[in-house]
Each structure stands twice: as structure tokens, then as C-alpha cells.
Amino acid sequence: MTVFDDAALGIELGSTRIKACLIAPDATVLAAGSYEWENQLVDGLWTYALDEVWSGLRAAYADLVADAEARHGSRPTRPAAIGVSAMMHGYLAFDEAGELLAHFRTWRNTNTGPAAAELTELLGVNIPLRWSIAHLQQAVRDAEPHVPSIRWVTTLAGYVHAALTGRRVLGVGDASGMFPIDPATGDYDAAMVARYDELAAGTTLAAPLRDLLPQVLSAGEDAGELTAEGAALLDPTGGLAAGIPLAPPEGDAGTGMVATNAIAPRTGNVSAGTSIFAMVVLERPLREVHHELDVVTTPVGDPVAMVHCNNGASELAGWVGLFTRFAAAAGSPLEADAVYETLFREALEGEPDAGGLLAYNHLAGEPIAGLDEGRPLFVRTPESRLTLANVFRAQLYGVFGTLALGMRVLDDEGVGLDRMYAHGGMFRTAGVAQRFLAGALGAPVSVAETASEGGAWGMAVLAAFRAAVRAGSTADLASYLTDRVFAGPAPVTAEPDPADVAGFSAYLDRYRAGLAVERAAVDSL
């Protein structure tokens with residue numbers, strides 16, 4: 001028996017990195033690997049090539065194996081379970097033979113406005129531009145040539161899982177970003193499916209919607225096993241055995257909830273990366289339809305209000321890169337992590353409202369802000385105080401700006417929130433981004449030791465839960481997380497500082513007013 005026999009493998013295809021994480025039964029990390037990639041703008045749409053999906057997965061897994069050998073002197077061959085996660089939403093359409101019919105369209109695309117508006121009115125719930133059904137309906141509306149051949153539509157996680165197992169399934173959290181879920185059944189809302197079929201009648205879409213969508217599964221359910229062909233896709237060396245059970249594939253929102261133990265009502269989490277989104281588990285349905293909010297689910301099907309912003313920490317990273325290069329040019333080179341640490345600490349010395357400065361991180365369109373395209377902007381008035389501390393406080397506030405607009409809508413709905421959990425690389429510098437987020441939300445924000453592990457770790461936990469269920473465990477996911485995964489040290493919690501709350505509120509008032517400048521930039525540049 002080896003250290004890896006009871007291990008669980010989680011893989012997540014994020015927007016800038018594909019990560020692989022192998023964990024022990026107590027959820028400690030045994031090995032990790034990664035591969036960097038970037039989306040491409042092809043024919044006006046953001047996409048990733050499927051060839052790079054597989055080359056990236058193989059590279060990330062090989063990196064994990066090398067790490068395992070370096071740490072433990074052996075390589076994993078048969079972990080107890082595997083799970084695959086990826087960016088939610090988007091559009092992957094296949095024909096009867098399983099051939100891709102159009103370039104993979106990611107969540108980042110904003111060309112689906114007419115379809116999203118049509119579906120929101122038809123279904124009576126908010127259908128955002130990034131949802132899979134919006135992409136499908138836009139293709140139908142545009143009478144794209146591939147539409148008559150569609151026999152299966154899925155997400156990136158669903159596609160990878162199907163290639164590994166032969167099963168066209170999806171975890172309920174990821175499925176809830178394709179089409180609305182009925183909380184009573186844990187499946188696609190049957191009445192809404194029927195309404196869509198009526199809408200699509202007479203179009204070139206040749207199959208009922210339910211036949212096109214993946215089967216929905218809850219966390220812990222049987223999602224198939226790794227086939228010999230699937231094992232070879234991940235590990236061409238032949239070191240990975242077939243027959244390993246897989247967890248239902250999930251989206252990055254679901255793995256973020258798991259990674260922060262935020263799946264109970266009145267809890268939520270913020271995940272910050274290329275995009276940034278907040279998830280709040282609901283006690284009751286929302287009273288109204290809001291374009292800033294969409295309702296998805298936890299990995300076990302409970303309703304969650306989601307505030308999703310297309311733009312997260314990428315612009316911030318660009319500014320850090322600028323100062324990294326300055327340090328090198330000045331003859332005092334620093335590693336990127338050290339530059340982040342220095343600039344984040346400096347931001348703590350900034351004025352509570354960032355000295356009148358404004359930072360818009362909109363590299364891409366931002367539906368919550370009413371923007372189809374993005375133009376990153378740094379704006380100040382002659383009276384504002386241009387200091388390094390204020391500049392970087394403004395940049396950090398800018399990451400949370402659009403998110404805060406959406407969260408204010410939840411406040412107006414009377415949604416209760418006891419605590420937010422945060423994860424993502426920007427929270428590695430203890431007490432900075434966490435403190436500012438607490439001020440932005442006006443609620444305590446907790447960061448666990450696992451916060452920087454991210455979605456691959458969360459998916460590995462879901463894989464471990466699948467292994468536990470398969471072995472006979474009767475614990476539900478919430479109990480499993482509380483008793484098995486998060487039974488150790490309590491997370492570090494930042495209470496909202498009244499000065500930060502007031503300062504961010506003033507910043508957000510300017511931010512909202514300044515969106516007119518952002519729109520003018522889109523029109524003019």
C-alpha cells in the first residue's frame with residue numbers, strides 16, 4: 001500500500017491555469033501540478049483550442065506526478081477517485097459522432113445579449129449572457145449552419161469528463177449554469193424546458209432540449225469510471241490505471257463553495273481570479289428578477305444567488321507586472337510574489353476612499369455594469385491624492401467594484417449573510433485584500449489556510465466525498481466538509497472596519513458615477 005492509495009485527484013481547468021491536486025483523506029495536499037494557458041479571440045469570440053485542453057491536462061498531470069515523486073519517492077497509479085472541474089457556462093456543441101461543431105465559446109463572450117433577454121422574459125428568471133442556454137439560443141436565432149447537427153451541448157468540465165468516462169453527465173452546480181434547476185427535483189426545470197421547446201419549434205434545432213443537455217447528478221453520486229482510453233488521455237505513459245471512479249464534474253463556482261465550506265444557508269464565498277464572483281446560499285427564493293443576479297446551485301442542488309463579474313484580478317496583475325519590471329530595471333529585481341506583498345502592504349497605508357482615485361479593471365465586457373466591451377481605466381481628478389498607497393488601494397477596490405454593485409442588490413432583497421469566505425491567489429497576502437473585501441461587503445470575511453489552494457483542491461475534496469460515499473459513508477456533503485475537511489484550525493476572519501466601510505462606500509459612489517467615462521471610452525477607443 002502506498003501513500004496514494006486513499007488519495008483523491010482533483011483537476012480544474014481555469015481561465016489562465018489548468019491545475020491538478022492530489023489530496024490525502026484528511027484533505028492535505030500530497031502533490032500538485034499546473035499548466036498555464038490563455039484564451040484566444042477567434043472570429044470575434046473568446047475560445048480555447050480543444051487540442052490545448054488535452055495537452056494542458058497531460059502537462060498538468062505530468063507536473064503533479066513529478067511533484068509526487070519528488071515528495072514521496074513514488075508516483076500515483078490508482079487514486080481512490082478523480083474529479084474534473086472547469087470554468088462554468090459557455091458552449092460546446094457536438095454532433096451525433098461527438099465531433100465539435102463550432103469553436104468552444106467561453107463564459108467571457110458577450111454576443112448573446114438578444115438571446116439572454118428573450119430567455120429571461122420567456123422563463124421568468126435571469127438568464128445571463130454567459131449561460132449555455134443563451135449561447136445555444138443565440139446560435140439558433142442567428143441560424144448558424146451547425147445548429148441542425150447539434151445532438152449534445154455541454155460545458156468544458158462535462159466535455160472532459162465524457163472523454164474520460166464515456167458518460168455525458170454534469171454535477172448539478174455546473175448544470176445550473178447551463179439551464180435553470182428546479183430545487184424540488186434537483187434536475188432541469190421541466191416547465192421551463194417545455195417553454196423553451198415551444199420557442200425552438202420551427203427552428204433548425206432538431207432535437208428537444210432535454211435530449212441535448214447532460215444528465216444532472218448531485219455530489220457523491222456515481223458518475224462513471226475512468227476508461228482505458230480516458231487514462232491514456234491524461235497519462236500517455238500508461239502509469240494511470242483504468243477503473244478509477246469519478247465524481248460528478250463541477251464548475252468553478254461549486255468547487256469554490258466546497259473549498260471554503262460555504263454551502264449552508266446564510267453563508268457565501270468570493271472567488272477571485274481572472275473573473276470574480278460571489279455566491280450566497282439562499283434561505284428563500286428571490287422576490288424579483290435582477291439582471292445583476294443569477295440563481296445557480298450548490299453541488300447538492302441548494303439555490304445560490306450568484307454575482308458574476310467577467311473581470312477580476314487580471315488588470316491588477318498587469319500593474320504588479322509594471323512594478324516588477326521597474327524593480328528589475330532599477331537593478332533590484334524582485335520575484336512577483338514579493339512585489340505583490342510590498343504593494344498590498346503599501347495599500348494598507350492608503351486613504352479609506354483611495355484618495356479620490358478610481359480604477360476600472362474592465363478588460364472584457366461587464367454585463368452588471370452594462371458594458372458589452374471593456375476598457376481598463378485609471379481615473380483621477382486634479383484634487384485626488386496620487387500616492388502609491390492610494391493607487392494600489394484603488395486597484396484593489398477596483399477588483400471588488402462591480403462585485404459590490406451586484407451585492408448591493410442582494411442587500412436590497414433582504415438576503416441574510418452571516419459570513420463570507422474568500423479564496424484565490426490575491427488573498428495569499430494575509431489581511432489585505434481580505435480586509436478590503438470585508439469593507440466592500442460590510443460583512444465578516446474569512447480566509448482558511450486552504451484559500452490559496454483554489455478549485456482543484458475543492459474538486460479533489462468532491463472526489464474524496466465520492467470515494468467515501470462509494471465506500472458506504474452516509475454523511476451528507478455539509479457534514480463531510482465540517483467533520484472531515486474543515487475540522488482543523490478555524491479560518492482567519494476580518495471584521496469590517498467602519499472606516500473601510502465608509503471609504504469604500506464613497507469609492508463605490510464615484511465608481512458608479514464614473515461608469516459614464518467607461519462607456520465613453522468603449523465608444524471612443
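**Exercise 1. Work out what covers the buried residues of helix H11, and how these residues are arranged around the helix.**

Solution. The cover over the buried residues of H11 includes helix H10 (314–329), helix H12 (388–412) and helix H13 (433–441), as seen in this model, which is predicted. The next step is to name the residues being covered: the buried residues of H11 are Val339, Leu343, Phe344 and Ala347. Viewed down the axis of H11, these buried residues fall within an arc of 125°, so they line one face of the helix.

**Exercise 2. Check whether the length of helix H11 is or is not in agreement with a rise of 1.5 Å a residue.**

Solution. Helix H11 covers residues 336–347, which makes 12 residues, and at 1.5 Å a residue these should span 16 Å. The C-alpha atoms at the two ends of H11 are 16 Å apart, and therefore the expected span and the computed one agree.

**Exercise 3. Establish the strand order of the five-stranded open sheet, and then describe how S1 and S2 pair.**

Solution. Start with the order, which is S3-S2-S1-S6-S13, with mixed pairing. The edges of this sheet are strand S3 (29–36) and strand S13 (250–251), each of which pairs on one side only. Within the sheet, strand S1 (residues 8–13) and strand S2 (residues 17–23) run antiparallel to each other and are joined over six bridges; for isoleucine 11, the bridge partner in S2 is alanine 20. Finally, consider what lies over these strands: helix H1 (residues 50–72) lies across S1, S2 and S3, and runs at about 145° to S3.

**Exercise 4. Decide whether leucine 30 is buried or exposed, and identify residues with which leucine 30 is in contact.**

Solution. Leucine 30 is placed in strand S3, which is one of the edge strands of the sheet. Its relative accessible area is 7%, and because buried means under 20%, leucine 30 counts as buried. Once neighbours within four places in sequence are left aside, the residues in contact with leucine 30 are Val3, Phe4, Ala7, Leu22, Ile23, Ala24, Arg71 and His72. As a further distance, the C-alpha atoms of leucine 30 and leucine 9 are separated by 9.8 Å, while the two residues are 21 residues apart along the chain.

**Exercise 5. Describe the hairpin of S16 and S17, including the residue in it that takes a positive phi.**

Solution. Strand S16 (residues 294–297) pairs with strand S17 (residues 303–309) in the antiparallel sense, over four bridges. One of the pairings links aspartate 294 to its bridge partner in S17, methionine 306. Five residues stand between the two strands of this hairpin, in which glycine 301 takes a positive phi near 100°.

Conventions
Residues numbered from 1 in each chain as written. Predicted model: local features only at pLDDT ≥ 70, side-chain atom pairs only at ≥ 80, totals over all residues. Heavy atoms only, no water. Pairing = 2+ DSSP bridges. Contact = heavy atoms within 4.5 Å. Axes fitted to C-alpha atoms, helices over the stretch in contact; angles between N-to-C directions. Expected span 1.5 Å × (residues − 1). Buried < 20%, exposed > 50% of the residue type's maximum accessible area, 1.4 Å probe, protein only. Arc of directions from axis to C-beta.
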